[in-house]
Structures are given as C-alpha cells and as structure tokens.
Amino acid sequence: MARHGAGRGWYGKVMGAALGLTMLATGASVWATQSGTAGASSPAASAPSAPTAPGSDIKPVSAAIAHASEEGERGLNITIDDGPDPVWTPQMLDLLRKYEVKATFCMVGTQAQAYPDLVKKVVADGHRLCDHTVSHNTAMDKDSQTYQSQQILDAERMITKASGGVRPMYYRAPGGAFTPYSRELAASRGMRPLGWNVDTKDFELPGTDAIVATVERELTNGPTLLFHDAGGERTQTVEALRQLLPRLKEQGYAFGFPVR
C-alpha cells in the first residue's frame with residue numbers, strides 16, 4: 001500500500017502548534033513489507049517504556065500486523081483514522097449507531113486531547129480505540145527508536161486520559177510506517193499493530209461514488225477497510241458510509257473488530 005501523504009498539511013499546523021514538533025517528509029516504502037517477525041531487540045532494553053501502575057492488567061499481544069476480523073470469513077472491520085473531529089466524527093457515529101455497526105477509531109493523540117468528550121462518546125457507543133501516534137508523522141520509521149517510542153507512548157497516554165481510562169487496543173502507524181521496533185513496543189503495551197486491506201483513498205476526495213466503488217472492487221483483498229474522520233472535508237466519506245453500511249449488510253457481511 002502506498003503511504004498517505006498528500007493533502008495532510010493541516011497536521012503540520014495543528015500538531016506543530018500543539019507540540020512544537022517538525023513533521024518529516026513522507027516516505028515511499030510499503031508497510032506490508034514490514035509485517036514479518038520483528039528483530040531481536042527488546043523495546044524495554046533500547047528505549048523508554050510507558051510507566052505501568054501497580055497491579056496493571058496490561059497483557060502483551062502479537063506484534064504481527066493484524067488484518068483479519070474477529071467475525072471470521074464474512075467479517076469486515078471498519079477503521080476510521082485521524083480524529084476525533086468535532087464536525088465529522090459525530091456524523092460517522094450517528095451512521096454507525098443507525099446501522100448497528102461497531103468500528104475501530106485510530107486517533108491522533110493531540111486530537112484526542114483536544115476533544116475528550118468525543119473520545120468518550122466513541123467508547124460509550126461500543127467502538128474500540130487505536131493509537132495513531134501524537135503527530136501523524138508518516139515517515140516516523142526513518143527516525144530514532146526514542147522518537148518512535150515518544151510518538152506511540154505519549155499518544156497512548158493522551159487517548160487513555162481523554163477516554164476516561166479506556167486504553168487503545170491497537171496501534172496503527174501513520175501511512176503504514178511500521179518498524180519491527182514500533183510493532184514490538186506497541187504489542188508490549190497490549191496494542192496489536194493494525195494494518196488495512198482496502199484503502200478507500202477518501203483523503204484524496206475522489207468523490208463518493210469512487211470511494212464506494214473502491215470498497216466494492218477491493219473487498220477480496222481482505223476485511224479491514226480504511227476511512228478517515230479528520231484531516232479535511234469528509235462529506236464524501238460520510239455519504240460513502242451511508243451507502244456502504246446497509247449494502248454490505250444486505251450482502252451478508254458482519255461488521256466487527258480486527259483480531260488481537
């Protein structure tokens with residue numbers, strides 16, 4: 001899968017203002033090539049780990065990038081990235097509620113910090129949370145392990161605090177910029193690395209019909225569908241979901257969560 005880079009200038013402004021971070025240029029490598037077994041280095045040995053409270057029930061999970069659905073062969077995973085956003089997230093929550101669909105929201109840490117009420121609404125509706133880093137740097141795999149650790153662990157803390165204590169269950173690297181180290185670190189914190197099979201390219205604003213057609217054409221690639229609820233105008237995504245959710249249900253698909 002190609003990385004997402006175009007049309008993301010808002011991140012540089014929002015995240016830079018919030019954290020004083022400088023975003024790196026997007027890379028051109030493919031995330032799928034990093035889905036194999038991680039290297040032997042331990043995250044705890046080579047970079048700082050998040051503090052663990054006494055009696056913590058955090059359990060490590062697999063560091064392999066997840067694609068499959070807990071619903072089995074006819075299962076689909078709706079995943080929604082980059083929010084929460086005060087305009088688009090509520091509209092998507094309304095649609096998901098209407099069609100009784102659960103989704104996984106991959107949240108940027110500063111967005112979660114800015115809109116904690118929306119994070120709580122996502123959780124209250126029975127959806128799952130996913131760590132999508134602090135600043136959405138799609139070239140973070142080119143940076144140091146210390147930087148990767150900060151991006152993942154700080155976002156984990158931001159999202160958990162915003163949710164009222166509910167931790168993210170997955171980690172999705174921005175643009176698929178996974179590394180063996182980042183996958184192992186996330187997995188050690190109970191966050192399964194999360195990939196995708198169908199990239200709707202909705203961030204390119206190709207039109208509602210194009211988004212719907214992409215999903216229908218590429219469903220054979222696998223069950224995990226990638227949409228966005230922030231980073232720009234998302235009317236096309238909302239309308240595409242309005243068409244797709246009932247249509248896919250009628251075709252016998254069941255909506256669930258990615259495997260952990």
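Is Asn-221 buried, partly exposed or exposed? In this predicted model, Asn-221 has a relative accessible area of 45% and is therefore partly exposed, a value that lies between the limits of 20% for buried and 50% for exposed residues. Asn-221 belongs to the loop that links helix 8 (208-218) to strand 7 (224-228). The C-alpha atom of Asn-221 is separated by 5.6 Å from that of Asn-197, a residue 24 positions away along the chain.

The chain as a whole contains nine helices and eight strands. Of its 260 residues, 53% are buried. The exposed surface of the chain amounts to about 10,400 Å², of which carbon and sulfur atoms supply 53%. When contacts between residues at least 6 apart in sequence are considered, 81% join residues at least 24 apart.

Strand 3 (residues 128-131) has neighbouring strands on record in the pairing analysis. With strand 2 (residues 104-107), strand 3 pairs in the parallel sense over four bridges, and Thr-104 has Arg-128 of strand 3 as its bridge partner. With strand 4 (residues 170-171), strand 3 again pairs in the parallel sense, here over two bridges; the bridge partner of Asp-131 in strand 4 is Tyr-171. The connection between strand 3 and strand 4 involves helix 6 (residues 145-163), and the three elements make a right-handed β-α-β unit.

The side chains of a regular strand alternate between the two faces of the sheet. In strand 3, both faces are covered. Arg-128 and Cys-130 are buried on one side, and Leu-129 and Asp-131 are buried on the other. Two residues already named in the pairing, Arg-128 and Asp-131, thus recur in this description, on opposite sides of the strand.

Cysteine burial was examined at two positions. Cys-130, in strand 3, has a relative accessible area of 0% and is therefore buried, since the limit for this class is under 20%. Cys-106 likewise counts as buried, because its relative accessibility is 1%. A disulfide is a covalent bond between the sulfur atoms of two cysteines. A search of the whole structure for such bonds finds zero disulfides.

Notes
Residues are numbered from 1 along each chain as its sequence is written. This is a predicted model: local features need pLDDT of at least 70, side-chain atom pairs count only at pLDDT 80 or more; totals for chains, interfaces and linings use all residues. Side-chain values use heavy atoms; hydrogens and water are left out. Buried means under 20% relative accessible area, exposed over 50%, partly exposed in between (1.4 Å probe, protein chains only). Contact means heavy atoms within 4.5 Å. Accessible areas come from the Shrake-Rupley method with a 1.4 Å probe; for residues, only the protein chains shown count as cover. A disulfide is a pair of cysteine sulfur atoms within 2.5 Å. Two strands pair if DSSP finds at least two bridges between them. A crossover is right-handed if, with the strands pointing away from the viewer, the path from the first strand over the helix to the second runs clockwise.
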